[in-house]
Amino acid sequence: MIVVMVQTATKAQISMVESRMLSLGMQVQHSFSGEQHLLIGSDGSPTLGQSLEAMPGVERVLWVRQPYKLVSRPVHPEGTVVWAAGRPIGGKALTIIAGPCSVENEAQIREAARIVQGAGGNFLRAGAYKPRSSPYSWQGLGEQGLALLQAVKQDTGLGIVTEVLDPRQIEKVSAVADILQVGARNMHNYELLKALGQVELPVLLKRGLAATVEEWLLAAEYLITAGNPNVILCERGIRTFETYTRNTLDLAAVAAVKNLSHLPVLVDPSHGTGKWQLITPLSRAAIAVGADGLLIEMHPQPEQALSDGEQSLAPDKYLALLEELKHIAAAVGRELP
Ligand code: PEP
Ligand code: MN
């Protein structure tokens, strides 16, 4: 259960509620929703909730049956809007994050940024540190890649989304990024999640390769309980018996998570399918199903990409997709940037 204290609750009132919860055998964690103090109890029952609700300083008690608490929809029934680089993620406006899989060189990232900016997009994605399945594959430019991202950020004003693989990289990646990406392979890296709970920058949490919806939401819960409420979820496909596509994009999970949680949910049809030909149809479907935006791999010359060229849109196809999405966005009461 979650006990929501009134904004003016005193320290004494909070500790009285905590003592009562402890005496009822619950483990208690503290968190915040804006200015309001929250006490999260490991279990409890509606009857216990009623007795807590009567205590001074308590606004309401939320009864959350699921193992995840703070990410659950009843905590913010209206849905959370996460802000990054002065732009909202969640709410009416859709978020489009586009760019190459990885930063390869200055000309490539500048050209990608020019296309994203020209199309009215507001976030550029590109990895400097790459989690590749094979140690023989291109591993990214590392710090040099971060420096190139910093330069295009300064020149274009685009927000930057880039991946952090390890707690030791958080400081240098945060100096450049507006959104820190946690990749699918790291969704279960709880030490990384706890470390990212200590920063204020929004975290884009990709769903693990074989993670259930519950595991994915519990990973988000790690970030929030560790202190960072700025969490954006991203469905990027899961492993199934199907091998025609790289992954199976689980759009049912997007609709489900929009019901279960108040967090914004983006869709990555590039990793979700592994095929550029499928990005446009799956992007249409993602917006129609209620996603808050898209994360798309777009490369100035996909055939020359050092990673994921086969699932990157060429610039002309990217621009055509955005045009098309305007109509679908309008039909579901959303807007493109
Ligand atoms: C990426 O976004 O380039 C990436 C590596 O994604 P994922 O973690 O979903 O595989
Ligand atoms: Mn990629």
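Here is a quick tour of the metal site, some salt bridges, one helix and one strand residue in this structure. Keep in mind that this is a predicted model. A manganese ion (ligand 2) is held by Cys 101, His 271, Glu 297 and Asp 308, and Glu 297 also meets Arg 125 in a salt bridge. The salt bridge count comes to 17, and a few of them are picked out below.

**The manganese site**

- The protein donor atoms are SG of Cys 101, NE2 of His 271, OE of Glu 297 and OD of Asp 308, and they lie 2.0 to 2.4 Å from the manganese ion (ligand 2).
- If you want to find the donors along the sequence, their spacing reads C-x169-H-x25-E-x10-D.
- His 271 belongs to helix H9 (residues 269-273), while Asp 308 sits in the loop between S14 and helix H11 (315-331), so this pair, 37 residues apart, links distant parts of the chain.
- His 271 has a relative accessible area of 9%, which makes it buried, because buried means under 20%.
- Asp 308 is buried too, with a relative accessible area of 10%.

**Salt bridges across the chain**

- The side chains of Glu 297 and Arg 125 come together in a salt bridge at 3.3 Å, N to O.
- That bridge ties together distant parts of the chain, with Glu 297 in strand S14 (residues 293-297) and Arg 125 in strand S8 (residues 123-125), 172 residues apart.
- Both partners, Glu 297 and Arg 125, are buried.
- Lys 153 and Asp 178 also pair up through their side chains, at 3.1 Å from N to O.
- Here again distant parts of the chain are linked: Lys 153 is in helix H4 (residues 143-156), and Asp 178 is in the loop between helix H5 (170-174) and strand S10 (179-182), 25 residues apart.
- Asp 178 counts as buried, at 11% relative accessibility.

**A salt bridge network**

- Glu 106, Arg 110 and Asp 155 are joined into one network by salt bridges that share partners.
- Within that network, Glu 106 bridges to Arg 110, with the closest N and O atoms 3.0 Å apart.
- Glu 106 and Arg 110 both sit in helix H3 (residues 106-118), four residues apart, or about one turn of the helix.
- Glu 106 is partly exposed, with a relative accessible area of 43%, and Arg 110 is partly exposed at 31%.

**Helix H4**

- The 14 residues of H4 should span 20 Å at 1.5 Å a residue, and the end C-alpha atoms are indeed 20 Å apart.
- Its buried residues are Gly 145, Leu 146, Leu 148, Leu 149, Val 152 and Thr 156.
- Looking down the axis of H4, those buried residues fall within an arc of 160°, so they line one face of the helix.
- Glu 143, Gln 144, Gln 154 and Asp 155 are exposed on the other side of H4.
- What do the buried residues of H4 pack against? They pack against H3, S8, strand S9 (159-163) and H5.
- Right after H4 comes Gly 157, which has a positive phi, near 75°.

**Thr 95**

- Thr 95 is in strand S7 (residues 95-99), and it is buried, with a relative accessible area of 2%.
- Not counting residues up to four places away in sequence, Thr 95 touches Pro 88, Ile 89, Gly 90, Phe 123, Leu 266, Asp 292, Gly 293 and Leu 294.
- Thr 95 and Asn 122 are 27 residues apart in sequence, with their C-alpha atoms 7.8 Å apart in space.

Conventions. Residues numbered from 1 in each chain as written. Chains lettered and ligands numbered in written order. Predicted model: local features only at pLDDT ≥ 70, side-chain atom pairs only at ≥ 80, totals over all residues. Heavy atoms only, no water. Salt bridge = Lys/Arg side-chain N within 4 Å of Asp/Glu carboxyl O. Helix = DSSP H or I, 4+ residues; strand = E, 2+ residues; numbered from the N terminus. Buried < 20%, exposed > 50% of the residue type's maximum accessible area, 1.4 Å probe, protein only. Donors = N, O, S within 2.8 Å, 3.2 Å for Na, K, Ca; no water. Expected span 1.5 Å × (residues − 1). Arc of directions from axis to C-beta. Contact = heavy atoms within 4.5 Å.
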